[in-house]
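Hello,

Here is the structure I promised to pass on to you. Please have a look at it first, and then read on for what turned up in it.

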Amino acid sequence: MKRKDLFQHVLEYYRQHLPATETELNYRNNFELLVAVVLSAQCTDKRINMVTPALFEAYPTPAAMAEATADDLLHYIQSVSYPNNKAQHLAGLSRRLVSDFAGEVPSTLEELTRLPGVGRKTANVIQAVAFKKAALAVDTHVFRVSHRLGLVPKRCTTPYSVEMALRRYIPEEDVAASHYWLLLHGRYTCTARKPHCKTCGLADICPSRSEYDKSATTTM
């Protein structure tokens, strides 16, 4: 199957079976979304949703969080991955929001990546979710599924190269949604160690299925 046809098939499947595309992180405004996404790096959304209510109650705005020290913030996020680094990031980004952006979360990639702890992936999530822009964040799930389905060439070995390869074939109106389609597919179906090929609606066109079917057979 040509790559263009493969994309059409995959995207149509996602449109029909995963129409609701929204982050599983809980948030009430752009600031809370930004904090939650920064915290979610290499951590589950479930864990983040457990710690953010108390954090947001104590520090509901960038101005309030800007007054906190990293040690203050660490008290609320100790159970997430890399808590010390993330506490430093939250302290730094909240102060930068106040000093450079009048306490508002900026909307451009260039501005967002000026914030401590915010790289391209996080910035793309914020652009897509908060500002409804055609931005595609490549996390580990998106990276893995894109390769397994053959959507991107094997030579795409970095998140940026995968992002650019995906953008080449995904229509502008589907770019933001595609992040969540691929992410959710990777989180619940095309899992890292034991993908659920038997229940996957894309198994019939997946070039990687035989590899994992063989693996499942040999381990039985």
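Let me start with a cysteine: Cys-200 is buried, its relative accessible area being 16%. Please keep in mind throughout that this is a predicted model.

Is Cys-200 part of a disulfide, and which cysteine sulfur is nearest to it? Cys-200 is in no disulfide, and the nearest cysteine sulfur, belonging to Cys-206, is 6.6 Å away. A disulfide needs the two sulfur atoms within 2.5 Å, so this pair does not qualify. Cys-156 is in no disulfide either; for Cys-156 the nearest cysteine sulfur is again that of Cys-206, at 17 Å. Cys-156 is buried too, with a relative accessibility of 8%. The count of disulfides for the model is zero.

Now to the interior. The largest nonpolar core is made of 39 residues, and Leu-34, Leu-55, Leu-73 and Leu-90 have the most contacts inside it. Six helices supply at least two residues each: α2 (30–39), α3 (45–58), α5 (70–77), α6 (83–101), α7 (109–112) and α8 (120–131). Of these, α2 gives the most, with eight residues. To see how one of the well-connected leucines sits, click on Leu-55: leaving out residues up to four places away in sequence, Leu-55 touches Val-35, Leu-39, Met-65, Leu-73, Tyr-76, Ile-77 and Leu-90. Apart from this core there is another one, of 30 residues, which includes Tyr-14, Val-152, Ala-177 and Cys-206.

A polar residue worth a look is Ser-94, in helix α6. Ser-94 is buried, at 0% relative accessibility. What does its side chain find there? A polar atom of the Ser-94 side chain lies 3.0 Å from the backbone oxygen of Ala-91. Not counting neighbours within four places in sequence, Ser-94 is in contact with Pro-62, Met-65 and Ala-66.

Next, the aromatic rings. The model has four aromatic pairs. One of them joins Phe-7 and Tyr-169, and this pair is stacked, with 5.0 Å from centre to centre and 25° between the planes. The planes count as stacked because their angle is under 30 degrees. This pair links distant parts of the chain: Phe-7 belongs to helix α1 (residues 3–17) and Tyr-169 to helix α10 (residues 159–169), 162 residues apart. Are the two partners buried or partly exposed? Phe-7 is buried, at 2% relative accessibility, whereas Tyr-169 is partly exposed, at 29%. Elsewhere, ring pairs link Tyr-13, Tyr-14 and Trp-181 into a cluster. You have met Tyr-14 already, among the residues of the 30-residue core.

Finally, helix α8. With 12 residues at 1.5 Å a residue, α8 should span 16 Å, and its end C-alpha atoms are 15 Å apart, which agrees. The buried residues of α8 are Thr-122, Ala-123, Asn-124, Val-125, Ile-126, Gln-127, Ala-128 and Val-129. Which helices help to cover them? Among what covers these buried residues are α2, α7, α10 and α11 (175–188). After α8 comes Lys-132, which has a positive phi, near 55°.

I hope this helps you find your way around.

Best wishes

Methods: Residues numbered from 1 in each chain as written. Predicted model: local features only at pLDDT ≥ 70, side-chain atom pairs only at ≥ 80, totals over all residues. Heavy atoms only, no water. Core = buried A, V, L, I, M, F, W, Y, C linked by side-chain atoms within 4.5 Å. Buried < 20%, exposed > 50% of the residue type's maximum accessible area, 1.4 Å probe, protein only. Helix = DSSP H or I, 4+ residues; strand = E, 2+ residues; numbered from the N terminus. Contact = heavy atoms within 4.5 Å. Polar contact = N/O pair within 3.5 Å; in protein donor to acceptor, adjacent residues only side chain to side chain. Phe/Tyr/Trp six-rings, centres within 6.5 Å; stacked < 30°, edge-to-face > 60°. Expected span 1.5 Å × (residues − 1).
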